[in-house]
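Here are two exercises to work through with the model open beside you. Try each task before reading its solution.

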Amino acid sequence: MSEKPKFYLTTPIYYPSDKLHIGHAYCTVATDTIARYKRLQGYDVMFLTGTDEHGQKIEDKAKAAGVTPKEFVDNIVEGPRGVKDLWKLMNISNDRFIRTTDGYHVKSIQRIFKRMYDNGDIYKGKYVGKYCTPCESFWTESQLVDGRCPDCGREVQDAQEEAYFFRLSKYAGRIQRLLEDTDFLEPRSRVHEMVNNFIKPGLEDLCVSRTSFTWGVPVDFDPGHVVYVWIDALSNYITALGYGNDQYHDFDRFWPADVHIVGKEIVRFHSIIWPAMLMSLDLPLPKKVFGYGWLLLSGGKMSKSKGNVVDPYILSEMFGVDALRFFLMRTFPFGSDGNFSNELLIQTINTDLANDLGNLVSRTTAMVGKYFGGQLPAGCGATGEEKDLAARAAAPETIGMLTAAVGPEKFDAELISLAAGLRGRYQQAMDAYAPHKALEEVFALVQRANKYIDENAPWTLAKEMEANGPRLAHMMYNLLEATRICGILLTPFMPGSCDKLFDQIGACKDCRTWDSAGVWGSLSTTAAVTKGDNLFPRVDMDKALEALDQAEEAARKAQLPPVEVEPQLSEQVDFETFCKCDFRAVKVKDCQPVKKSNKLLRFTLDDGTGADRQILSGIAMYYKPEELIGKTLVAIVNLPPRKMMGLESNGMLISAVHTEHGEEKLHLIMVDDAIPAGAKLC
């Protein structure tokens with residue numbers, strides 16, 4: 001028996017963010033889909049993912065949270081709704097999960113660093129330049145965009161410290177030839193970006209150690225230095241297979257990787273630094289790096305810092321994991337950016353899953369149940385002519401060709417020809433890392449099958465079962481068979497739902513395989529067909545959007561700390577002293593910002609005396625002037641006048657202050673407008 005072919009694919013190991021969003025799931029769902037596709041084809045697959053847990057930003061966040069860095073990352077990776085929980089929710093089938101804090105990985109990194117040092121590719125020097133803490137990236141002045149990090153747009157810090165450097169410049173020529181002369185990096189647009197923006201301007205040696213923080217892999221031969229996070233993180237692809245450690249023994253079996261699937265913001269590290277490191281280690285290079293695009297909200301990259309996080313837990317709970325997985329792969333071309341919206345998600349579910357696929361399965365199983373009691377008669381399956389047509393339609397030279405130039409009915413021939421050629425077209429798209437195109441091909445058959453129902457009008461045939469029974473049974477078989485083939489090819493995208501689909505149409509285990517997807521007539525003619533629940537119920541757009549808003553708001557509030565208020569004063573004030581404070585209701589006649597002040601608003605108030613009263617209040621960050629005009633407020637009117645920004649303030653407006661989520665909140669005390677100006681509060 002021949003050994004299975006091997007396929008090794010990876011996602012980037014993720015920085016353990018304290019808030020996961022749908023963008024995190026996007027890449028991993030795509031990689032999982034490809035892994036499931038290769039397993040379906042019969043490959044021995046190794047699918048690796050994990051978390052990148054070292055670096056200054058982790059150390060800083062842990063300090064702010066009052067915990068150790070390890071405690072901080074443990075909670076995010078292993079804790080409730082952490083990284084592992086999200087992958088379980090999204091039905092990710094990774095074979096291995098690596099954490100860069102794993103002991104075997106740490107030892108491997110020390111050995112890798114020492115080997116590169118011993119061969120002369122790492123040397124000690126002094127780093128002077130710019131550093132982006134969130135991205136863990138060093139930049140030269142020329143690489144900055146408007147003085148900011150070119151990746152995330154945040155401010156960079158001046159950095160100067162003793163450091164080790166990797167001779168990245170030594171490999172510039174080899175890297176450029178790798179990128180320009182091979183298909184190592186895709187999409188091709190990424191190649192031009194890497195060569196023109198980084199290599200041609202002059203590839204500089206890379207700072208690969210830090211001394212200004214301690215949370216990282218120690219350089220074991222030079223205490224005080226920790227390994228730069230990208231040397232640490234990138235090497236996971238080989239340490240997880242056992243390179244430099246005895247934890248695993250899969251390196252010779254799976255390396256080189258078939259594909260690293262990474263976000264476009266880290267293509268530079270994977271297509272320039274990573275191959276240079278492997279060249280230094282004299283190891284084979286991965287066969288491909290594929291840089292996918294971002295999910296965008298309103299034209300901006302999805303991120304926690306921008307306040308536009310979309311919670312995959314909420315979306316999965318509301319619409320189902322498979323529907324969400326399908327949407328991510330169906331809607332966005334994998335190599336390009338895509339604009340995410342809840343409206344688009346619901347529209348895709350309704351159009352493709354409810355109206356097309358769900359409708360096909362529901363109508364077909366219902367008709368088999370109604371007309372044949374849930375089991376078709378023997379002998380209603382594919383004819384010899386149809387099998388011959390299917391074989392020719394699936395041949396490479398005729399793939400996708402439609403014909404009606406043979407014996408079967410015209411509509412049968414068109415459906416069978418399209419179905420028979422589907423696996424070949426699907427494979428071409430999947431092998432090109434274009435899952436959205438593969439789904440386009442599948443849904444072309446789904447839509448053709450729905451049209452086939454309308455063309456044949458089974459409800460009319462059923463009126464005269466004695467004469468039309470054989471034709472009706474054969475038509476039902478064709479629908480079940482087309483649905484079966486679609487189900488096989490949709491399995492990598494929606495594994496749970498496709499299992500339910502197979503159960504409803506009575507597909508046996510052998511009828512769910514990759515090989516059977518290329519053979520028309522594999523389904524037993526006497527399969528037990530059951531009309532189950534709708535696989536994908538239609539979603540009410542307005543109700544769903546309202547529910548999403550409510551769920552996201554509830555989740556946001558649940559994460560906020562309790563409201564903090566200032567403690568009450570213990571010093572008591574006697575009643576006579578309190579009575580000296582003159583609290584009055586005042587009406588806002590006008591409110592204007594104070595020039596050259598970001599805090600002050602100037603109020604013109606009716607205090608009931610017939611003369612306007614002017615009070616200045618430092619609340620400009622909480623209220624817009626125009627929204628206060630006409631309101632009835634409370635003021636102390638017998639305070640001595642004071643000058644502010646050259647203007648006299650006569651009194652003080654009363655407000656309530658508290659802290660919420662670490663941010664001070666202020667609310668002016670507003671009273672019933674029926675209270676007249678000047679009324680005394682007592």
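A polar contact is a pair of N or O atoms within 3.5 Å; within protein, one must be able to donate a hydrogen and the other to accept it. Keep in mind that this model is predicted.

**Exercise 1. Asp 607 and its surroundings**

Work out where Asp 607 is found, whether Asp 607 is buried or exposed, and which side chains a polar contact joins to Asp 607.

Solution.
1. Start with the chain: Asp 607 sits in the loop that links β17 (601–606) to β18 (612–617).
2. Next, accessibility. Buried means under 20% relative accessible area. Asp 607 has 8%, so this residue counts as buried.
3. Now look at the side chain. Asp 607 makes a polar contact of 2.7 Å with the side chain of Thr 609, and another of 2.9 Å with that of Arg 613.
4. Finally, leave out residues up to four places away in sequence: Asp 607 then touches Val 586, Arg 613, Ala 677 and Gly 678.

**Exercise 2. An open sheet**

Trace the order of the 6 strands in the open sheet, and explain why one side of β3 and of β7 is left without a neighbour.

Solution.
1. Going across the sheet, the order reads β3-β2-β1-β11-β12-β7, with parallel pairing.
2. β3 (96–99) and β7 (185–186) are at the edges and have a single partner strand each, so one side of each lacks a neighbour in the sheet.
3. Step inward to β1 (residues 6–10) and β2 (residues 44–51), a parallel pair with 5 bridges. Here Lys 6 is opposite Asp 44 in β2.
4. Last, add a helix: α3 (residues 69–78) lies across β2 and β3, at about 160 degrees to β3.

Conventions. Residues numbered from 1 in each chain as written. Predicted model: local features only at pLDDT ≥ 70, side-chain atom pairs only at ≥ 80, totals over all residues. Heavy atoms only, no water. Pairing = 2+ DSSP bridges. Helix = DSSP H or I, 4+ residues; strand = E, 2+ residues; numbered from the N terminus. Contact = heavy atoms within 4.5 Å. Axes fitted to C-alpha atoms, helices over the stretch in contact; angles between N-to-C directions. Buried < 20%, exposed > 50% of the residue type's maximum accessible area, 1.4 Å probe, protein only.
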